Amino acid sequence: MKKKIINPQTLCRALGQLVLIEAFMMLVSLIVGIIYKEQTHAPFLVALIITSMVGIVLKLIGLKSSKSINRREAYLVVSLTWVVFSLLGTIPFLIDGQCSTFGAALFEAMSGFTATGATVIPDVDALPHSILFWRSFMHWIGGLGIVFFTMTILPASGNGEIRLFAAESTGLGQEKLHTKIKTTAAWIWSIYIVLTCGCTASLYACGMNLFDSINHAMSTIATGGFSTHTDGIMYYNSPLIEYVLIIFMLLGGTNFYLLYTTGTRRKLSPLFQSNELRFYLSSILIISAICAISLFIHNGYDIERAARTALFNCVAISTTSGFIADDYQQWYRPICLLVMFLMFVGGCSGSTSSGFKSIRMLIIIKTTRIQFKRLLHPNAVIPVQINKAPINSAAEHNVMSLLFWFLFLIVIGAGALMIVGLPGYDSCAISLDCISNIGTNFGHRYGPMQGVADLPEAAKWICCFLMLAGRLEIFAILLPFTRSFWRRQ
């Protein structure tokens, strides 16, 4: 008897475990509502019951399945997990009445779990504490990856862990991982928790109340962008809070494996030796300096405000955090092109940031430069080197392929948004915004200050797909739609 390409029971077992994690998240949000003595707990009580039942049923279906998981099943589990989590995550928004349509609720949930940070809720200040916490909690769990989080708390499942990790966290090089991936996951999540606690304490010391500090810390380290106020960070009008967030946004956009090795070796040398980190920081600093000079000359800002505003917005955009400290639609227009470059590139690989990733842009720049040498010396072997180590041709091809699909989906997304009635410029900006998981854009009708609350229903569904494709770096979400995925080799 031939072995099945995909074992449905294995998928159900894995999904059941993950869905029960979401049920626990809803329980925590319910407790937050109880603590703040909210009038009704129905949104999370109903959501908890439904999600728990779904998780238990899936677990029972896959009870007798093998714990091993093949590569195809791993990709399906990852893709389905993000879809199922987002679908179930709509329940609190729908019951509470914050989202009038299912498309709006799905947009909000997808934006939360993918750490995009765009919101269709016009009055965030009116939200109950439980919903506010739920939005930030979605960011925090989705920041490093839902499956990656689960690895730290569920029993080991052998080689299946490696395959699941490879399917979701394509940014971290597997050749660098601990022999026990569960150990690496636990260490990285420990760093993640420490950074979150440090950010919470820092924001609280700067004058935020405890609830706002916790929510903004989860959103910052996950490089998400959801806030507890409609005006976001501008609500506080505090330079000190902005400086704190700049530091922690930068850390959230840094490769977490790099932070992990720096912490375990207790040396800063891994940070200085990283080509990607140097490219990531230098691109932010250079463009921030240019923006600061422009704000000083064209907008009349004083030197401190110009430097802080430019740095905050550039860091927020580069790390795909989505926070706003100024209306950059009012900036000198040519400068916005540089900022859009940061929007496209994103943060480091293996971080909570999205976008194309700094390491890939660095590979493209080095490959292009070396290609000229190869044309002059066709017989010479000139490898592309990252951190003084050559990368193979397969890695170059992978980067070029991802670049094509990244640009292709931006164009297709923009075209689809124009078809449903959005202006051309706004369509391009929102498409780039969603696939880069940033949460703020350069549109005219849907700019950084206007938001996307009045997006057409069809546009919200298109944005959901783009956000998911960007978070899973395209291949994981498109692979199940190829013939070869279902063909027995």
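This text walks through the empty spaces of a predicted model and some residues of interest.

Start with the second largest pocket. Its volume is about 570 Å³. A total of 35 residues line this pocket. Thr119, Thr230, Ile324, Pro448 and Gly451 are the ones nearest its centre. By class, the lining is mixed: 17 residues are polar, 15 are nonpolar and 3 are charged.

Turn next to Ser321. This residue sits in the loop that runs between α15 (303–318) and α16 (333–345). Is Ser321 buried or exposed? Its relative accessible area is 0%, so Ser321 is buried. Buried here means under 20% relative accessible area. Leave aside residues up to four places away in sequence, and Ser321 touches Thr220, Thr223, Gly224, Gly225, Met249, Ala316 and Ile438. Contact in this case means heavy atoms within 4.5 Å.

Now for the enclosed spaces. Rolling a probe the size of a water molecule over the atoms shows where empty space is left. How many cavities of 30 Å³ or more does the count give? The count comes to 3. The second largest cavity holds about 40 Å³ of space. Its lining consists of Gly355, Phe356, Arg360, Leu402, Phe406, Ala469, Gly470, Glu473 and Ile474. Which elements give two or more residues to that lining? They are α18 (393–419) and α20 (457–471). By class, the lining has 5 nonpolar residues, 2 polar ones and 2 charged ones.

Two of these lining residues, Glu473 and Ile474, deserve a separate look. Glu473 lies in the loop between α20 and α21 (475–478). Ile474 is placed in the loop between α20 and α21. Where does the backbone stand at these positions? Phi of Glu473 is near 55°. Phi of Ile474 is near 70°. Each value is positive in a residue other than glycine. Most residues other than glycine have a negative phi, and most peptide bonds are trans.

Accessibility completes the picture for this pair. Glu473 has a relative accessible area of 10%, so this residue is buried. Ile474 counts as buried because its relative accessibility is 1%. Glu473 therefore combines a positive phi with a buried position, while lining the second largest cavity. Ile474 likewise has a positive phi, is buried and lines that cavity.

How values were computed: Residues numbered from 1 in each chain as written. Predicted model: local features only at pLDDT ≥ 70, side-chain atom pairs only at ≥ 80, totals over all residues. Heavy atoms only, no water. 1 Å grid on protein atoms, 1.4 Å probe; cavity = no way out; pocket = protein on both sides within 12 Å on 5 of 7 lines; lining within 4 Å. Points joined across faces, edges and corners; volume = space filled by probe spheres on them. Nonpolar A, V, L, I, M, F, W, Y, C, P; charged D, E, K, R; others polar. Helix = DSSP H or I, 4+ residues; strand = E, 2+ residues; numbered from the N terminus. Buried < 20%, exposed > 50% of the residue type's maximum accessible area, 1.4 Å probe, protein only.
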